[in-house]
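Let's take a walk through this one together. Have the sequence and the 3D view open side by side, and rotate as you read.

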Amino acid sequence: MASRADVAVLYEHPEWQKPLFAALARRGVRYAAVDLKHAAFAADDAPLAPLYFNQASPSAYVRGNTRAVPYALAYLRALEIRGVRVLNGAAAFALELSKTAQAALLRTLEVPAPRTWTFNDVAALRERADEIPFPVLLKPEQGGSGARIVLLERFAELEELLATQPDYWQPDNLLLLQEYIPSDPARGIVRMEFLGGELLYAMRVISHGRFNLCPSPVCNPDDGSAAVCELPSEAPPVEFYAYREVPAQAVAWGKRIMAAGKLDVGGIEYLEAPDGSSTSTT
């Protein structure tokens with residue numbers, strides 16, 4: 001039976017998808033928009049299209065859409081078991097959901113990256129406090145949009161934060177500490193965007209201390225209006241600049257990460273340490 005669409009797009013954030021949907025419409029591509037926030041499927045449902053594109057975001061929980069993430073993962077796995085082609089499928093999405101897995105992958109690939117400590121109990125982590133080089137970054141295991149990232153100067157700050165704000169354990173009761181790598185704030189980080197295993201373009205990102213580095217237009221309005229999903233901050237808005245002088249080594253590392261992570265489309269960010277070396281941050 002003929003598919004009802006050429007491609008099915010799985011999404012949770014409607015604003016992020018508008019440029020994609022508009023581009024598909026201009027090109028006459030029939031698409032099915034699958035809203036992961038309100039969904040149901042059966043194992044014997046006919047595929048909506050021969051190709052699915054997963055646009056689910058780990059940060060869904062910061063918008064009150066926590067259920068979209070496990071649903072997306074279950075749906076992707078069911079589709080792939082049945083032989084449906086999926087861009088950024090279950091393996092890629094599972095990697096995106098776990099900063100611990102990302103850290104392990106970078107170590108396996110011998111890509112320079114900060115050390116990390118994953119924990120579900122502060123007392124257990126305290127037993128290893130001597131090996132943690134403060135200051136460090138506190139991050140959720142399921143990251144996204146810079147949510148709940150905090151710079152900690154000492155272990156007591158971690159204990160106080162989690163005692164007074166237990167919601168920091170959301171959404172999956174796993175957190176990690178990541179080694180803080182100093183860098184020049186005026187240079188920011190570099191974000192490389194890959195498509196089909198090749199570098200598409202790169203941006204230099206000046207964050208001014210912010211952790212939400214999403215390059216989506218709706219997160220960085222040109223007219224100065226409030227950004228969608230913006231986390232409270234007194235820092236100036238994040239700045240994005242086209243960057244063409246990406247070192248060949250950084251591109252090579254990015255390609256290895258994309259291939260090993262089974263990522264069809266995605267961004268890899270790195271920062272430049274004071275000694276001039278590059279360190280992958282995602």
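Among the contacts in the chain with a separation of 6 or more, what percentage comes from residues 24 or more positions apart? The figure is 66%. Keep in mind that you're looking at a predicted model. The chain has 282 residues, and 46% of them are buried. DSSP runs give 7 helices and 13 strands. On the outside, the chain exposes about 14,700 Å², with carbon and sulfur atoms supplying 53% of that area.

Now go inside. The largest nonpolar core holds 23 residues, and the members that touch the most other members are Leu10, Leu36, Tyr52, Tyr75 and Phe93. Four elements each give two or more residues to this core: strands β1 (7-11) and β2 (31-35), plus helices α2 (68-81) and α3 (90-96). Of these, α2 is the top contributor, with 8 residues. There's also a second, separate core of 20 residues, and Val111, Val251, Trp253 and Met258 are among its members.

Strand β1 is a good place to start in the first of those cores. All 5 of its 5 residues are buried, so β1 is largely enclosed by the rest of the structure. In a regular strand, side chains alternate between the two faces of the sheet. Here Val7, Val9 and Tyr11 point one way while Ala8 and Leu10 point the other way, and every one of them is buried. Next to β1 is its partner β2: the two run parallel and are joined by 5 bridges. To find the register, look for Ala8, whose bridge partner in β2 is Ala32.

From there, move to Tyr52. Leaving out residues up to four places away in sequence, Tyr52 touches Ala8, Leu10, Pro47, Tyr75, Leu79, Val84, Arg85, Val86 and Leu87. Its relative accessibility is 0%, so Tyr52 counts as buried. Tyr75, at 9%, counts as buried too.

What about the rings themselves? A pair of aromatic rings is described by the distance of the centres and the angle of the planes. The chain has 8 aromatic pairs. In one of them, Tyr52 and Tyr75 meet edge-to-face, 6.0 Å centre to centre with 90 degrees between the planes. Tyr52 belongs to strand β3 (residues 51-54) and Tyr75 to helix α2, so their pairing ties together parts that are 23 residues apart in sequence. Ring pairs also link these two with Phe41 and Tyr71 into a cluster.

Another pair to pick out is Phe119 with Trp169. Their ring centres are 5.7 Å apart and their planes are at 75 degrees, so this pair is edge-to-face. The pair links distant parts of the chain, 50 residues apart: Phe119 is in strand β5 (residues 116-119), and Trp169 is in the loop between α6 (155-164) and β8 (175-179). With a relative accessibility of 5%, Phe119 counts as buried. Trp169 is buried as well, at 15% relative accessible area. For a ring with a charge over it, turn to Tyr243: the charged end of Arg204 sits over its ring, 4.4 Å from the centre.

Stay with the loop that holds Trp169, as the backbone there deserves a look. Most residues other than glycine have a negative phi, and most peptide bonds are trans. Gln170 and Pro171, though, are joined by a cis peptide bond, with omega about 0 degrees. Pro171 is in the loop between α6 and β8, and so is Asn173. Although it is not a glycine, Asn173 has a positive phi of about 65 degrees.

Two other spots go with these. A cis peptide bond joins Phe134 and Pro135, with omega about 5 degrees, and Pro135 lies in the loop between α5 (122-126) and β6 (136-140). Asn88, in the loop between β4 (85-87) and α3, has a positive phi near 55 degrees. Asn88 is buried, with a relative accessible area of 10%.

One last stop: Ser183, in the loop between β8 and β9 (189-195). Is Ser183 buried or exposed? Neither, as it turns out: Ser183 is partly exposed, with a relative accessible area of 30%. Its C-alpha atom is 5.2 Å from that of Ala273, 90 residues apart along the chain. Setting aside neighbours within four places in sequence, Ser183 is in contact with Leu271 and Glu272.

Conventions
Residues numbered from 1 in each chain as written. Predicted model: local features only at pLDDT ≥ 70, side-chain atom pairs only at ≥ 80, totals over all residues. Heavy atoms only, no water. Core = buried A, V, L, I, M, F, W, Y, C linked by side-chain atoms within 4.5 Å. Buried < 20%, exposed > 50% of the residue type's maximum accessible area, 1.4 Å probe, protein only. Contact = heavy atoms within 4.5 Å. Areas by Shrake-Rupley, 256 points an atom, 1.4 Å probe, with all protein chains shown as cover. Phe/Tyr/Trp six-rings, centres within 6.5 Å; stacked < 30°, edge-to-face > 60°. Lys NZ or Arg CZ within 6 Å of the ring centre and 35° of its normal. Pairing = 2+ DSSP bridges.
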